[in-house]
Amino acid sequence: MEGQDEVSAREQHFHSQVRESTICFLIFAILYIISYFIITRYKRKSDEQEDEDAVVNRISLFLSTFTLAVSAGAVLLLPFSIISNEVLLAFPQNYYIQWLNGSLIHGLWNLASLFSNLCLFVLMPFAFFFLESEGFAGLKKILEDLDEQIYMITLEEEALQRRLHGLSSSVGYNVTELEQELENVKTLKTKLERRKKASAWERNLVYPAVMILLLIETSISVLLVACNILCLLVDETAMPKGTRGPGIGSASLSTFGFVGAALEIILIFYLMVSSVVGFYSLRFFGNFTPKKDDTTMTKIIGNCVSILVLSSALPVMSRTLGITRFDLLGDFGRFNWLGNFYIVLSYNLLFAIMTTLCLIRKFTSAVREELFKALGLHKLHLSDTSRDSETTKPSANGHQKAL
């Protein structure tokens, strides 16, 4: 009887391992396919020649796709873990979610940590030097004045047309070059005009809604970080490397239950997006931004490495700032500095101060006026202003009108 129980336990463990491996493979396959389409959208088409270098180019493409898929997996680690915890808490005995367990979550965290280090220290350096050894060539602003850009591009177009008409047909090489340059200018002008002619609902609804959403998310992030600073001062368990909480599916990580968990997931994605936007907004990396159908493989490798670093730091950053209370699993929670009170407190203070200053700096009076204008609130402001001016208007006899 004991032998049968032992065999049954081993079979159950085997089936559990096969199930977890299958789920991990399916998740990674989906992320890999999505990453492949993203990279091929930005990859320069002229690099797709069929020669002896095509194999090198294809290998670098596959390694970059693998790295981008790992980055996406690292970004989804915390949201997937938080959702899994809430689902297991809401349906503890449901047969159809028995595959969702703590073993699977721990396995995903370990795989993400392993593949992140593998890509960062092995695959991407190999892809870069492999690509360079074969001789491949390697290496904003909130409001834009589209009218000025369109005006400048129109002048450039007219200048090219005059030069093109002034050349004789005998200099065919120069004519071909000018025609190609003129076509590029016309394409850019069409894009700018399309942006300028945005529909009314985009100007008056979508853009203000996005601006308000970003303002709310930033304010909530600063508020949560401020609360986390207070918790750090009075409670040792608030440290990222503090006491381990209950297992997955045992208790909710948020006071507000599923709603609080959804808010945490939104803020985690917001942190990732803001990190990527901030990275590409730096002056040093201005020319590093990928362009559709015009990004070399060397730049693609560099962008994949940058996104991998940002995505791998996302779980640690979210837990350190107190955006979520989900414990860091695997190698993510083994950093010694996570237990240093002064480093964690300084990081929270720096984030709160810099984010608040950025919020004050970006949400200027000009942005507020444009936002009010898009929402239609400027009319109310103008009516109040005109009423006040009529109240203080001087009368014919030189005295001011009384209220």
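Trainee: Which residues touch the most other members of the largest nonpolar core?

Mentor: This is a predicted model. Its largest nonpolar core holds 39 residues. Those that touch the most other members are Trp109, Leu314, Phe326 and Phe332.

Trainee: Which helix gives the most to this core?

Mentor: Several helices give two or more residues to the core, including helix 1 (2–42), helix 3 (102–133) and helix 8 (297–320). Helix 7 (257–281) is also one of them. With six residues, the top contributor is helix 7.

Trainee: What span does helix 7 reach from its first C-alpha to its last?

Mentor: Helix 7 has 25 residues. Among its buried residues are Glu264, Ile268 and Phe279. At 1.5 Å a residue, 36 Å is expected. The model comes close to that, with a span of 36 Å.

Trainee: Which residues outside its sequence neighbourhood is Trp109 in contact with?

Mentor: Set aside neighbours within four places in sequence. Two of the contacts, Phe326 and Phe332, are named with Trp109 among the residues touching the most core members. The full set is Leu77, Leu78, Ser81, Pro315, Phe326, Leu328, Leu329 and Phe332.

Trainee: Is Ala238 buried or exposed?

Mentor: Ala238 sits in the loop between helix 6 and helix 7. Beyond neighbours within four places, its contacts are Asn228, Cys231, Leu232, Arg319 and Arg325. Its relative accessible area is 4%, and the cut-off is under 20%, so Ala238 is buried.

Trainee: Which residues make the nonpolar surface patch?

Mentor: The patch covers about 600 Å². One of its members, Ile353, lies in helix 9. The patch is made by Leu349, Leu350, Ile353, Met354, Leu357 and Ile360.

Definitions and conventions:
Residues numbered from 1 in each chain as written. Predicted model: local features only at pLDDT ≥ 70, side-chain atom pairs only at ≥ 80, totals over all residues. Heavy atoms only, no water. Core = buried A, V, L, I, M, F, W, Y, C linked by side-chain atoms within 4.5 Å. Buried < 20%, exposed > 50% of the residue type's maximum accessible area, 1.4 Å probe, protein only. Helix = DSSP H or I, 4+ residues; strand = E, 2+ residues; numbered from the N terminus. Contact = heavy atoms within 4.5 Å. Expected span 1.5 Å × (residues − 1). Patch = residues over 30% accessible without salt bridge, like charges linked within 9 Å, V, L, I, M, F, W, Y side chains within 5 Å. Areas by Shrake-Rupley, 256 points an atom, 1.4 Å probe, with all protein chains shown as cover. Salt bridge = Lys/Arg side-chain N within 4 Å of Asp/Glu carboxyl O.
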